[in-house]
Amino acid sequence: MATDLYEVLGVSKTATADEIKKAYRKLARELHPDVNPDAAAQERFKQVTAAYEVLSDEKQRAAYDRGGFDEFGGFGANGFDLGDFVNAFFGGTATQRGPRARMTRGQDALIRMRIELSEAVFGVEKEITVDTAIACKTCDATGSASGSELISCSMCKGRGEVSSVQRSFLGDVRTTRACPQCSGFGNVIEHPCTECSGEGRVRTRRNVKVVVPGGVDTGLRLKLSGQSEVGAWGGPAGDLYVEILVNEHPSLKRSGDDLHLQISIPVTAATLGCSVSIPSLDGNKSLKVPAGIQPGTVLSIKNLGATHLRGSGRGDLLVHVMVEVPKDVDTKQKKLLEELAKLRGEEEPTANITTELQNDSFFTKLKDAFGR
Ligand SMILES: [Zn+2]
Ligand SMILES: [Zn+2]
């Protein structure tokens, strides 16, 4: 790296302000990142610009000239270093140089919340306890004990980074790293707040109210903006995501916004038709079963399903009707059934070949989906 600012611009030490300006413009036209994306050219452009910044300013140029270039260029020799100057001048650009801000946004967090099926269907308000961080009240999130302030870091002089130069056969190689004394902030908290150890926030448990809308299902994530931990040193809070887990219901299964219920009725009731009471999330409901219903028939009751999460209205309750064949008939019942068989000409039944499976294939699939 060239270490003489006049050399960098290719001008003599006695160059006039006009000559310096012309030299800089000429070099800038060649080296500007817009026309020359080459990495070496960009590095040179930074040096040229930094050199011009000093030499185009009368006071700075005079100070530089007083420093003398015999001492100039070595790391820390007289506190003036082209590399550091380039870094300082281009701090905060794409190279991410310079001190980093203390104030950062808090982390987002994800927690899972178990709810019952009825709560998922109708919605619910719950309070959950989260481990989080809140702003420190003792120091008003500054991290400094009352009265004390941030002071510029003595190790990096507020730059947030320290450089070192190693000699190699390619020349001097400069490496820059975050300042170990101030962790790259460029400043230090002289008297850290004892409550938060100087971080401006304290760990705590907090209750958060979660409003669960009707219609949510397992896997859905609710976003609670700004309900996660606050950032360090007064930074804004992150977002809290609540992932819903719906407990399995003993009898109702959900599919989309519909609920499914399987019931079985005696063969006599299936033959004659009946009215039965069935459980639903809205309480017991009366279901009319038509005479001659076949096993696996699905009867639907409108609007007893889950609330539509988007839009309005609700899904349906689908009742899968099974038929129970009695296993324990006594002598009298047996006699009556034999009489019935005789009346229906079914004493010597023939096997009818049916083209469609009577069993309810949809519910079987549904059961498979639930692993039952
Ligand atoms: Zn504090
Ligand atoms: Zn430092």
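## Two zinc sites, two helices and two sheets

In helix 2, the residues that end up buried are Ile20, Ala23, Tyr24, Leu27, Ala28 and Leu31. Looking down the axis of helix 2, these buried residues sit within an arc of 130°, so they line one face of the helix. Flip to the other side of helix 2 and you find Lys22, Arg25 and Arg29, which are exposed. Keep in mind throughout that this is a predicted model.

### The helices

Helix 2 runs over residues 17-31, which makes 15 residues. From its first C-alpha to its last, helix 2 reaches 21 Å, close to the 21 Å expected at 1.5 Å a residue.

Next up is helix 3, residues 39-55, with 17 residues. How far apart should its ends be at 1.5 Å a residue? The expected span is 24 Å, and the end C-alpha atoms of helix 3 are indeed 24 Å apart, which agrees. The buried residues of helix 3 include Phe45, Val48, Tyr52, Val54 and Leu55. Lys46, Gln47 and Thr49 are also among the buried residues of helix 3, as are Ala41, Ala50 and Ala51.

### The zinc sites

Now for the metals. Here are the two sites side by side.

| Zinc ion | Donor atoms | Distances | Angles among donors | Spacing in sequence |
|---|---|---|---|---|
| Ligand 1 | Cys136 (SG), Cys139 (SG), Cys193 (SG), Cys196 (SG) | 2.2 to 2.3 Å | 104 to 115° | C-x2-C-x53-C-x2-C |
| Ligand 2 | Cys153 (SG), Cys156 (SG), Cys179 (SG), Cys182 (SG) | 2.2 to 2.3 Å | 104 to 116° | C-x2-C-x22-C-x2-C |

What geometry does the site of the zinc ion (ligand 1) have? With four donor atoms at angles of 104 to 115°, the site is tetrahedral. The site of the zinc ion (ligand 2) is tetrahedral too, with angles of 104 to 116°. For reference, the ideal angle for four tetrahedral donors is 109.5 degrees.

Are the donor cysteines Cys136 and Cys139 buried or exposed? Both Cys136 and Cys139 are buried. Over at the zinc ion (ligand 2), Cys153 has a relative accessible area of 1%, so this residue is buried. Cys156 comes in at 0% relative accessibility and therefore counts as buried as well; the cut-off for buried is under 20%.

### Two loop residues with positive phi

Two residues are worth a look for their backbone angles. Asp140 has phi near 60°, a positive value in a residue other than glycine. Look for Asp140 in the loop between strand 2 (123-135) and strand 3 (150-152). Its relative accessibility is 64%, so Asp140 counts as exposed, given that exposed means over 50%.

Lys157 tells a similar story: phi is near 55°, again positive in a residue other than glycine. Lys157 sits in the loop between strand 3 and strand 4 (161-168). At 61% relative accessibility, Lys157 counts as exposed.

### The three-stranded sheet

One open sheet has three strands in the order 1-9-8, and its pairing is mixed. Which strands are at the edges? Strand 1 (109-115) and strand 8 (221-224) are, as each pairs on one side only. Neighbouring strands of this sheet are turned by 30° against each other on average, direction ignored. Strand 8 and strand 9 (residues 240-246) run antiparallel and are joined by four bridges. Leu224 faces Leu240 of strand 9 as its opposite number.

### The four-stranded sheet

The other open sheet described here has four strands, ordered 10-11-15-14, with mixed pairing. Strand 10 (253-255) and strand 14 (297-301) stand at the edges with a single partner strand each, so one side of each has no neighbour in the sheet. From one strand to the next, the twist averages 35°. Strand 10 pairs with strand 11 (residues 258-266) in the antiparallel sense, over three bridges. Within that pairing, Lys253 has His260 in strand 11 as its bridge partner.

Just past strand 14, there is a loop leading to strand 15 (317-324), and His308 is found in that loop. His308 has 26% relative accessibility, so this residue counts as partly exposed. Which distance separates His308 and Val121 in space? Their C-alpha atoms are 8.6 Å apart, although the two residues are 187 residues apart in sequence.

Methods
Residues are numbered from 1 along each chain as its sequence is written. Chains are lettered from A and ligands numbered from 1 in the order in which they are written. This is a predicted model: local features need pLDDT of at least 70, side-chain atom pairs count only at pLDDT 80 or more; totals for chains, interfaces and linings use all residues. Side-chain values use heavy atoms; hydrogens and water are left out. Donors are N, O and S atoms within 2.8 Å of the metal (3.2 Å for Na, K and Ca); water is not among the atoms, so sites may look incomplete. Four donors count as tetrahedral if all angles lie between 85 and 135 degrees; four count as square planar and six as octahedral if opposite donors are over 155 degrees apart and all others between 65 and 115; anything else is irregular. Buried means under 20% relative accessible area, exposed over 50%, partly exposed in between (1.4 Å probe, protein chains only). The expected span of a helix is 1.5 Å times one less than its number of residues. The arc is that of the directions from the helix axis to the C-beta atoms. Two strands pair if DSSP finds at least two bridges between them. Axes are lines fitted to C-alpha atoms, for helices over the stretch in contact, and angles run from 0 to 180 degrees between N-to-C directions.
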